[in-house]
Amino acid sequence: MANKTLALCRQPPYGNALAREGLEAILAAAAMDCAPQVLFLRDGVFQLLAAQEPAGIEQKSLLRNLQALPMFGVETLHVCEASLLERGIDPQRIQVPGAEIKLLPDSGSFIGAFDTVLSF
């Protein structure tokens with residue numbers, strides 16, 4: 001039986017390195033045919049907004065990392081619906097080319113179905 005792994009993306013896209021490091025870890029695992037499922041929740045949902053302009057804070061955009069996920073086999077991005085609502089984000093604003101966005105009304109039971117959970 002294969003080990004089921006979930007990567008939680010909980011950090012905002014900028015302000016620290018965790019969001020970038022998390023996406024890089026997911027891409028590295030996917031490159032080794034160990035692609036985890038991915039769930040964006042809490043401030044991590046901000047990573048999925050297309051209108052990011054981090055040049056003003058001298059940061060590189062995470063959008064290229066996100067857009068690479070489907071190319072590495074991570075084709076479904078799970079998103080905590082409550083996290084979007086709490087932050088006033090319309091789910092229609094969440095789009096990653098090549099990826100299916102799946103809103104989860106109950107992220108707790110989703111997380112509980114995995115053997116290993118990585119948190120970024």
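**Reading a predicted structure: core, sheet and side chains**

Visitor: Which residues touch the most other members in the largest nonpolar core?

Guide: Five residues do so: Ile26, Phe40, Leu48, Leu69 and Leu77, in a core of 26 residues. Please keep in mind that this model is predicted.

Visitor: Which elements give two or more residues to this core?

Guide: The contributors are the strands β1, β2 (37-40) and β3 (76-80), together with the helices α1 (18-31) and α2 (63-68). Helix α1 provides the largest share, namely five residues.

Visitor: Several of those elements are strands. In what order do the strands of the sheet lie?

Guide: Read across the open sheet, the order of its five strands is β4-β3-β2-β1-β5, and the pairing is parallel. Strands β4 (100-104) and β5 (116-119) form the edges, since each of them pairs on one side only. On average, neighbouring strands are turned by 25° against each other, with direction ignored.

Visitor: How many bridges join β1 to β5?

Guide: There are four bridges between β1, which covers residues 5-9, and β5, and the two strands run parallel. One contact to locate in the view is that of Leu8, whose bridge partner in β5 is Ser119.

Visitor: I should like to turn to the cysteines. What is a disulfide?

Guide: It is a covalent bond that links the sulfur atoms of two cysteines. In the case here, a search of the whole structure finds zero disulfides.

Visitor: Why does Cys9 form no such bond?

Guide: The cut-off for a disulfide is 2.5 Å between the sulfur atoms. The closest cysteine sulfur to that of Cys9 belongs to Cys80 and is 13 Å away, so the distance is too far for a bond. Cys34 is likewise in no disulfide, as its nearest cysteine sulfur, that of Cys9, lies 17 Å away.

Visitor: Is Cys9 buried or exposed?

Guide: Residues under 20% relative accessible area count as buried. Cys9 has a relative accessibility of 1%, and therefore it counts as buried.

Visitor: How many aromatic pairs does the structure hold?

Guide: It holds one. The pair consists of Phe110 and Phe114, whose ring centres are 5.2 Å apart. To classify such a pair, one looks at the angle between the planes, and over 60 degrees counts as edge-to-face. Here the planes stand at 65°, so the pair is edge-to-face.

Visitor: Are these two rings in buried or exposed residues?

Guide: Phe110 counts as buried at 18% relative accessibility, and Phe114 is buried as well, at 12%.

Visitor: Which residue lies over the face of Phe114?

Guide: That residue is Lys4, at 5.2 Å from the ring centre.

Methods: Residues are numbered from 1 along each chain as its sequence is written. This is a predicted model: local features need pLDDT of at least 70, side-chain atom pairs count only at pLDDT 80 or more; totals for chains, interfaces and linings use all residues. Side-chain values use heavy atoms; hydrogens and water are left out. Two strands pair if DSSP finds at least two bridges between them. Axes are lines fitted to C-alpha atoms, for helices over the stretch in contact, and angles run from 0 to 180 degrees between N-to-C directions. Buried means under 20% relative accessible area, exposed over 50%, partly exposed in between (1.4 Å probe, protein chains only). Rings of Phe, Tyr and Trp (its six-membered ring) pair if their centres lie within 6.5 Å; planes under 30 degrees apart count as stacked, over 60 as edge-to-face and the rest as tilted. A charge sits over a ring if NZ of Lys or CZ of Arg is within 6 Å of the ring centre and within 35 degrees of the ring normal. A nonpolar core is a set of buried Ala, Val, Leu, Ile, Met, Phe, Trp, Tyr and Cys residues joined through side-chain atoms within 4.5 Å.
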